[in-house]
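Visitor: I have a model open on my screen and I'd like to learn how to read it. Could you walk me through it, feature by feature?

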Amino acid sequence: MNNIAKVIDLVGTSDVSIEDAINGAIERAAETLENLQWFEVVETRGSIVNQKIERYQVILKVAFGLND
């Protein structure tokens, strides 16, 4: 098992929910990165239009193992 990981920042957005924004970011990262190991939500925010939530945004730290 590789004990070294690289950590990157991702931004996920969704007009449905915070959870959907997280899942979308992880699913998209998994298309191009291998060995995803963990994530941490660093920041949560959203936009408001006409007094209603229009969009959710999360900033994630995501770690993936480096290949030997």
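Guide: Sure, let's begin with one pair of residues. Ala-5 stands opposite Gly-65 in E3. Keep in mind that this is a predicted model.

Visitor: Which strand joins E3 there, and how many bridges are there?

Guide: That's strand E1, residues 5-14, and ten bridges join E1 to E3. The two run antiparallel.

Visitor: And how many bridges join E2 to E3?

Guide: Twelve, with E2 covering residues 36-49 and again running antiparallel to E3. For examples of partners, Ser-47 has Arg-55 in E3 as its bridge partner, and Val-49 stands opposite Lys-52 in E3.

Visitor: What about the side chains in a strand?

Guide: Here's the general idea: in a regular strand, side chains alternate between the two faces of the sheet.

Visitor: Let's zoom out. What pattern does the protein follow along the sequence?

Guide: Read that way, the pattern is β-α-β-β. In total, the protein has one helix and three strands.

Visitor: What sits between E2 and E3?

Guide: Two residues, and the strands form a hairpin around them. Look at the backbone angles there: Asn-50 in the turn has a positive phi of about 55 degrees. Gln-51 lies in the loop between E2 and E3 too, and its phi is also positive, about 70 degrees, although Gln-51 is not a glycine.

Visitor: Is Gln-51 buried or exposed?

Guide: The cut-off for exposed is over 50% relative accessible area. Gln-51 has 76%, so it counts as exposed.

Visitor: Where is Asn-35 found?

Guide: In the loop between helix H1 (18-32) and E2. Asn-35 has a positive phi near 60 degrees, and it is a residue other than glycine. Its relative accessible area is 39%, so Asn-35 is classed as partly exposed.

Visitor: Back to Lys-52, then. Why is it called exposed?

Guide: Because its relative accessible area is 61%. Lys-52 is found in strand E3, which spans residues 52-65.

Visitor: How far apart are the C-alpha atoms of Lys-52 and Ala-63?

Guide: They are separated by 34 Å, and the two residues are eleven apart along the chain.

Visitor: What does the overall shape look like in numbers?

Guide: One way is to draw a box along the principal axes: the C-alpha atoms fill roughly 50 × 20 × 15 Å. Another is the radius of gyration, which is 14 Å here, whereas a compact globule of 68 residues would be near 11 Å.

Visitor: What share of the residues is buried?

Guide: Buried residues make up 21% of the 68. As for the outside, the accessible surface comes to about 5,000 Å², and 49% of that belongs to carbon and sulfur atoms.

Visitor: And how do I read contacts between residues that sit apart in the sequence?

Guide: Take the contacts between residues at least 6 apart in sequence, then ask what share joins residues at least 24 apart. In this protein that share is 63%.

Visitor: One last thing: how many positive and negative charges are there?

Guide: There are 6 positive and 11 negative charges. If you take the mean position of each set, the two points lie 7 Å apart.

Technical notes
Residues numbered from 1 in each chain as written. Predicted model: local features only at pLDDT ≥ 70, side-chain atom pairs only at ≥ 80, totals over all residues. Heavy atoms only, no water. Helix = DSSP H or I, 4+ residues; strand = E, 2+ residues; numbered from the N terminus. Buried < 20%, exposed > 50% of the residue type's maximum accessible area, 1.4 Å probe, protein only. Pairing = 2+ DSSP bridges. Rg over C-alpha atoms; globule rule 2.2 N^0.38 Å. Contact = heavy atoms within 4.5 Å. Areas by Shrake-Rupley, 256 points an atom, 1.4 Å probe, with all protein chains shown as cover. Lys, Arg positive; Asp, Glu negative; His and termini not counted. Charge placed at Lys NZ, Arg CZ, Asp CG, Glu CD.
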